[in-house]
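Hi everyone, thanks for making time for this. I'd like to walk you through a few local features of one structure, so let me put it up on the screen.

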Amino acid sequence: MTSRAIRQYEFGPAEVLRLEEVPAPVPDRGQVRVRVAAAGVHLVDTSIRGGVGGGPFALPELPMTPGREVAGVVDAVGAQVDQAWLGKRVVAHLGQASGGYAELAVANVASLHELADGVEFDKAVAMIGTGRTTMAVLEAASLRADDVVLVPAAAGGMGALLVQAARNVGAFVVALAGGPAKVEVVRGLGADVVLDYRVDGWPERVRQALGDRELTVYFDSVGGAAGRAAFDLLGVGGRVVMFGYSSGEQLELSAGDLWARSLTATAAIGPRILRRPGGLRELESAALAALAAKELVPLTQAFPLAQAAAAHRALETRGTVGKVVLVA
């Protein structure tokens, strides 16, 4: 039996990702095989593909099939796995493993979350990875109804969820997005103010939009000069919650920067999330529960499995909206 999967034999540009016929994977003891309906794609996947490790993810041995998030239906089980899993709709994070960009993937049974019939596979796969990270960021932020929040990259996978979460608690939300189309998407999520960061002078336009309000929370996924410009908008007692640096440079802060306005800075991911009491599964469950309750509904953009290279190129050029998924 064979199936199709994306294979990578060398590090390099998106074109190194190739769709091939491969032997169907066989679940080992404690594993199941999932017929994949949707697989998650990350920006870090593009870095690893290019030969640059990302965060806790070391460069893999080649050849390999990328992808660490899958949703679909269990079609085979390994030894010591309850046969009742067969036919179940599930989502799983594969951890440090790979193999998600495929029609069939194996996952440890302990990593599975069963999905209700009404939960769409693309939404579930967005929440198992991007959603669980968002829950960790929100945990660090401790948002309140009286907060005034700035969300950059608000049309991205995490940004869109952060906008929704802030609105859910009653916070005032200022969101930044790149280009008129993305601005309209984010406006539809309920942000109070949406600005195009590609237009010069956005920091001053944020100040004008705030009026008498003071910014209390800045979610930093950008870093670099743009991240610093946003950080400088925080009012006295504000807090910056850092979880990425898409600019390629971390947000540079000094103790003096914090003392000057009694600010706090938190790195919400990295060692903090890996050592979190309750572990990652608790965050996954919380994210999926929020999806089931329609409290957080991720934006997704789908590409066919065969177009994995195009998905990577779109991510690298910021040409996507929401969480990117591959569909078989």
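Let's begin with a pocket. Please keep in mind that this is a predicted model. The second largest pocket holds about 430 Å³ of space. What lines the second largest pocket? There are 28 lining residues, and those nearest the centre of this pocket are Leu94, Ala97, Ser98, Gly99 and Val106.

If you'd like to see which elements contribute, look at strands S1 and S2, strand S6 (104-108) and helix H9 (279-292): each of them gives at least two residues to the lining of the second largest pocket. Which element supplies the largest share of that lining? That would be S6, with 5 residues. As for chemistry, the lining of this pocket splits into 15 nonpolar residues, 9 polar ones and 4 charged ones.

Now let's move to helix H10, which covers residues 308-316. Its buried residues are Ala308, Ala309, Ala311, His312, Ala314 and Leu315. And what do the buried residues of H10 pack against? Quite a list, so follow along on the screen: strand S1 (2-8), strand S2 (17-23), strand S3 (31-41), helix H1 (43-49), strand S14 (300-304) and strand S15 (323-327). You'll recognise S1 and S2 from the pocket, where each supplies at least two lining residues. Just after H10 comes Arg318, with a positive phi of about 60 degrees.

That brings me to some backbone details elsewhere. Gln80 is not a glycine, yet it has a positive phi of about 65 degrees. You'll find Gln80 in the loop between S4 and strand S5 (89-93). Is Gln80 buried or exposed? Its relative accessible area is 68%, so Gln80 is exposed, the cut-off being over 50%.

Ala153 is another non-glycine with a positive phi, here about 45 degrees. Ala153 is in the loop between strand S8 (148-151) and helix H3 (157-168). With a relative accessibility of 37%, Ala153 counts as partly exposed.

One last stop, for those who like prolines. Which peptide bond here is cis, with omega near 0 degrees? Take a look at the one from Leu62 to Pro63. Pro63 is located in the loop between H1 and strand S4 (69-77). H1, you may remember, is one of the elements that the buried residues of H10 pack against.

That's my tour, and I'm happy to go back to any of these places on the screen. Thanks for listening!

Technical notes
Residues are numbered from 1 along each chain as its sequence is written. This is a predicted model: local features need pLDDT of at least 70, side-chain atom pairs count only at pLDDT 80 or more; totals for chains, interfaces and linings use all residues. Side-chain values use heavy atoms; hydrogens and water are left out. Buried means under 20% relative accessible area, exposed over 50%, partly exposed in between (1.4 Å probe, protein chains only). Helices (H or I, at least four residues) and strands (E, at least two) are DSSP runs, numbered from the N terminus. Contact means heavy atoms within 4.5 Å. On a 1 Å grid over the protein atoms alone, a cavity is a set of points where a 1.4 Å probe fits but cannot get out, and a pocket is an open set with protein on both sides within 12 Å along at least five of seven lines; lining residues have an atom within 4 Å of a point. Grid points are joined across faces, edges and corners, and a volume is the space filled by probe spheres set on the points. Ala, Val, Leu, Ile, Met, Phe, Trp, Tyr, Cys and Pro count as nonpolar, Asp, Glu, Lys and Arg as charged, and the others, Gly among them, as polar.
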